[in-house]
Amino acid sequence: MSDQLYMARALELARRGLYSTHPNPRVGCVIVKDGRIIGEGWHVRAGEPHAEVHALRAAGEQARGATAYVTLEPCSHFGRTPPCAEALVEAGVARVVAAMQDPNPQVAGRGLERLRSVGIEVGSGVLEVEARELNVGFVKRMESGLPYVRVKLAMSLDGRTAMASGESQWITGPAARAAVQRLRARSSAVVTGADTVLMDGARLTVRGEELGVAPEQVELALGRPPLRVLVDGRGRVPLSTPFFQAGPALVVTALETPVDYAAAGHERLSLPGAGEHVDLVALLRALAERGVNEVLVEAGPRLAGAFARQGLVDEYQIFMAGKFLGSSARPLLDWPLERMVEAPELHIREIRAVGDDWRIIAVPAHP
């Protein structure tokens, strides 16, 4: 039971890096000796010391003969920082308990094997489900070459997202909008479409005040802001829009466009798919190659529907407001279905009040 208690504390520490460790996983470490915690640490951001190093520094010489609880297998390779497995060996710990094996092929059991090779007692699998959930995007990217995709949707009680004119601000209240800011902050990339940018004037930035962070501290708290990605197959969005004025962005097109994105400080990526549409699978693979772990899709019915139809959605976060928008308003997803048997089934993981609204978290029953 004590293993679970100490691992739960390590996971609590790891969550402190929820917004800032991209592209690395969120990791926490607790060092225990004689039933007492003597060192704690967590990975703060990429390029800085890992959780084990912080915890070992806090423990000092007391680490010799102690037990280290780590939420992810200690790394065994040299990256931007030295391998943590070696740091644990040099510190003289007697036992290491990992919540899960690292899915990174560069590690994948080698860290634990290195510890065993010098006589350190090794255990793993303690609170593994919770550990995998904390790093669901990193795990998926390492195992499949694709990031974890969340689609955020806001709707009325009758399942509508905007009036027929396109007006949609605001369906939900301030508490729901703050929750969306937290979703953006934990994401490596936020993806939107031309319709959303043109109709709503969306910027897709992270507002520090919604996270309890001063505006000048946002970048420090996030490590770096999430990559803002605009899917604009035909290059319809002018550079004068608020989206482009809010900072550098990645513009993904299917057709050649006359717009000089580079001159305005943005990057363009051409991924032609069927017709004038962007190849979304290729987009996700390209983002994964950039180290993107978690993608948040904030888009209108057409682009959100395209992700859904192609089976690319891992999780839906649906915010529902207590109001009706009427039968002429726009639907949640552009996903024409003819028969009940075609209706995709979802597992609802959570329904919770968020201010005056409700949040539904659901995942495909058959991913």
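**Exercise 1. In which sense do strand 4 and strand 5 pair, and over how many bridges?**

Solution. The model is a predicted one.
Step 1. Strand 4 and strand 5 run in the parallel sense and share four bridges. Within this pairing, Arg-95 stands opposite Glu-121 of strand 5.
Step 2. Trace the connection: strand 4, helix 4 (residues 110–117) and strand 5 form a β-α-β unit that is right-handed.
Step 3. Turn to strand 3 (residues 67–70) and strand 4 (residues 95–98), which pair in the parallel sense, also over four bridges. Here Val-70 has Ala-98 as its bridge partner in strand 4.

**Exercise 2. Give the strand order of the sheet, name its edge strands and find the helix 1 contacts.**

Solution.
Step 1. The sheet is open and made of five strands in the order 2-1-3-4-5, with mixed pairing.
Step 2. Strand 2 (36–42) and strand 5 (121–124) each pair on one side only, and these are the edge strands. On average, neighbouring strands of the sheet are turned by 15° against each other, direction ignored.
Step 3. Helix 1 (residues 2–14) packs on this sheet and touches strand 1 (28–33), strand 2, strand 3 and strand 4. The direction of helix 1 makes about 145° with that of strand 1.

**Exercise 3. Decide whether Glu-52 is buried or exposed, and list what it touches.**

Solution.
Step 1. Locate the residue: Glu-52 belongs to helix 2 (residues 51–59).
Step 2. Apply the cut-off: buried means under 20% relative accessible area. Glu-52 has 3% relative accessibility, so it counts as buried.
Step 3. Setting aside residues up to four places away in sequence, Glu-52 touches Cys-29, Val-70, Leu-72, Pro-74, Cys-84 and Leu-88.

**Exercise 4. Describe the largest nonpolar core and the contacts of Leu-115.**

Solution.
Step 1. The largest nonpolar core contains 42 residues. Met-7, Ile-31, Leu-56, Val-96 and Leu-115 have the most contacts inside it.
Step 2. Helix 1 gives the most to this core, namely six residues.
Step 3. Beyond its neighbours within four places in sequence, Leu-115 is in contact with Pro-74, Ala-85, Leu-88, Val-89, Val-96, Ile-120 and Val-122.
Step 4. A second core, separate and of 38 residues, includes Leu-271, Leu-280, Leu-283 and Val-313.

**Exercise 5. Identify the buried residues of helix 6 and what covers them.**

Solution.
Step 1. Val-136, Gly-137, Phe-138, Val-139 and Arg-141 are buried in helix 6 (residues 136–144).
Step 2. Their cover includes helix 5 (128–134), strand 6 (148–155), helix 12 (280–289) and strand 12 (294–297).
Step 3. After helix 6 comes Gly-145, with a positive phi near 80°.

**Exercise 6. Compare the placement of two salt bridges, Arg-9 with Glu-12 and Glu-267 with Arg-290.**

Solution.
Step 1. Arg-9 and Glu-12 meet through their side chains at 3.2 Å, N to O. The two are separated by about one helical turn because they are three residues apart in helix 1.
Step 2. In the salt bridge between Glu-267 and Arg-290, the closest N and O atoms are 2.6 Å apart. Glu-267 lies in strand 11 and Arg-290 in the loop between helix 12 and strand 12, so this pair ties together parts 23 residues apart in sequence.
Step 3. Check exposure: Glu-267 is partly exposed at 38% relative accessible area, and Arg-290 is partly exposed at 36% relative accessibility.
Step 4. Salt bridges with shared partners also join Arg-26, Arg-150, Arg-186, Glu-294 and Glu-315 into one network. The structure holds 23 salt bridges.

Note on methods:
Residues are numbered from 1 along each chain as its sequence is written. This is a predicted model: local features need pLDDT of at least 70, side-chain atom pairs count only at pLDDT 80 or more; totals for chains, interfaces and linings use all residues. Side-chain values use heavy atoms; hydrogens and water are left out. Two strands pair if DSSP finds at least two bridges between them. Axes are lines fitted to C-alpha atoms, for helices over the stretch in contact, and angles run from 0 to 180 degrees between N-to-C directions. Contact means heavy atoms within 4.5 Å. Buried means under 20% relative accessible area, exposed over 50%, partly exposed in between (1.4 Å probe, protein chains only). A nonpolar core is a set of buried Ala, Val, Leu, Ile, Met, Phe, Trp, Tyr and Cys residues joined through side-chain atoms within 4.5 Å. A crossover is right-handed if, with the strands pointing away from the viewer, the path from the first strand over the helix to the second runs clockwise. A salt bridge is a side-chain nitrogen of Lys or Arg within 4 Å of a carboxyl oxygen of Asp or Glu.
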